[in-house]
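Here are some notes to read alongside the model, written for someone meeting it for the first time. Please keep the sequence and the coordinates open while going through the points.

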Amino acid sequence: MAKFEFRLAKVLEYREMEESWAKAAYLEAKAAKISCEAGIVAIIEKRTQLLGSRVFTIEDRLTLEGALVRTDDEERAERAVLSVLEGDELAALDAWHSKRRELQTLMKLEEAALDLWTYEQNRIEQNELDEWATMRKAA
């Protein structure tokens with residue numbers, strides 16, 4: 001019996017690699033977004049800690065005010081980066097889903113080709129058995 005070979009095996013293999021690359025890109029984008037969110041939480045905790053500190057002199061008050069302004073600027077910058085990273089994450093997710101659909105389409109083609117090949121092999125085998133049975137009756 002012949003061995004099944006899918007004509008588009010190389011394309012299927014390449015699509016599997018593309019899908020895994022797209023998944024890795026999505027996971028990297030998600031990790032970058034999570035890291036940025038953690039940075040924002042750290043900045044908020046730092047601001048909370050600064051607000052909880054005691055101020056006794058005007059100089060301390062001015063230093064505290066400067067530190068609070070810096071943390072506000074840092075948070076604003078991190079939030080801008082976060083919005084870009086969220087867009088990147090969504091784009092990477094869409095790309096991954098697209099590659100996944102392409103891969104599944106080829107996998108369905110492979111299954112259909114295997115079903116057809118199996119049907120043909122069964123038909124050939126049945127024809128050989130019918131011929132053998134006919135030859136045996138004739139003898």
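**Notes on the predicted model**

1. A good place to begin is the salt bridge in which the side chains of Arg100 and Glu19 meet, at 4.0 Å from N to O; a salt bridge here is a side-chain nitrogen of Lys or Arg within 4 Å of a carboxyl oxygen of Asp or Glu. Arg100 lies in helix α2 and Glu19 in helix α1, so this pair ties together parts that are 81 residues apart in sequence. At 33% relative accessibility Arg100 counts as partly exposed, whereas Glu19, at 11%, counts as buried. Buried stands for under 20% relative accessible area, exposed for over 50%, and partly exposed for what lies in between, with a 1.4 Å probe and protein chains only.

2. Some ground rules apply to everything that follows. This is a predicted model, in which local features need pLDDT of at least 70 and side-chain atom pairs count only at pLDDT 80 or more, while totals for chains, interfaces and linings use all residues. Residues are numbered from 1 along each chain as its sequence is written, and side-chain values use heavy atoms, with hydrogens and water left out.

3. How many helices and strands does the protein chain have? There are 2 helices and 0 strands, where helices (H or I, at least four residues) and strands (E, at least two) are DSSP runs numbered from the N terminus. The radius of gyration, taken over C-alpha atoms, is 32 Å, well over the 14 Å that the globule rule gives for 139 residues, so the chain is more spread out than a compact globule. That rule is 2.2 Å times the number of residues to the power 0.38. Along its principal axes the C-alpha trace spans about 120 × 20 × 15 Å.

4. Of the 139 residues, 19% count as buried. The chain exposes about 10700 Å², of which carbon and sulfur atoms supply 58%; accessible areas come from the Shrake-Rupley method with a 1.4 Å probe, and for residues only the protein chains shown count as cover. Among contacts (heavy atoms within 4.5 Å) with a separation of 6 or more, 86% come from residues 24 or more positions apart.

5. Helix α1 covers residues 9-52, and its 44 residues should span 64 Å at 1.5 Å a residue, which agrees with the 64 Å between its end C-alpha atoms; the expected span is 1.5 Å times one less than the number of residues. The buried residues of this helix include Leu12, Ala22, Ala29, Cys36, Ile40 and Ile43, and also the charged-type names Glu18, Glu19, Lys33 and Arg47.

6. Lys33 deserves a closer look, since its place is in helix α1 and, at 15% relative accessibility, it counts as buried. Leaving aside neighbours within four places in sequence, Lys33 is in contact with Leu82, Leu85, Glu86 and Glu89.

7. The structure holds 3 aromatic pairs, a pair being rings of Phe, Tyr and Trp (its six-membered ring) with centres within 6.5 Å, counted as stacked when the planes are under 30 degrees apart, edge-to-face when over 60 and tilted for the rest. The rings of Tyr26 and Trp96 have centres 5.5 Å apart and planes at 20 degrees, so this pair is stacked. Tyr26 lies in helix α1 and Trp96 in helix α2 (residues 58-138), so the pair ties together parts that are 70 residues apart in sequence. Tyr26 counts as buried, at 11% relative accessibility.

8. Leu68 is found in helix α2 and is buried, with a relative accessible area of 12%. Beyond its neighbours within four places in sequence, Leu68 is in contact with Arg47, Leu50 and Leu51. Leu68 and His97 are 29 residues apart in sequence and 42 Å apart in space, C-alpha to C-alpha.

9. To return to charge, a search of the whole structure finds 13 salt bridges. One of them joins the side chains of Glu18 and Lys99, at 3.7 Å from N to O, and it links distant parts of the chain, with Glu18 in helix α1 and Lys99 in helix α2, 81 residues apart. Glu18 is buried at 15% relative accessible area, and Lys99 is partly exposed at 24%.

10. Another salt bridge, between Glu75 and Arg79, has an N to O distance of 2.9 Å. Being 4 residues apart in helix α2, Glu75 and Arg79 are separated by about one helical turn. Glu75 is buried, at 12%, while Arg79 is partly exposed, at 41%. Elsewhere, salt bridges that share partners join Arg15, Glu18, Lys99 and Glu102 into one network.
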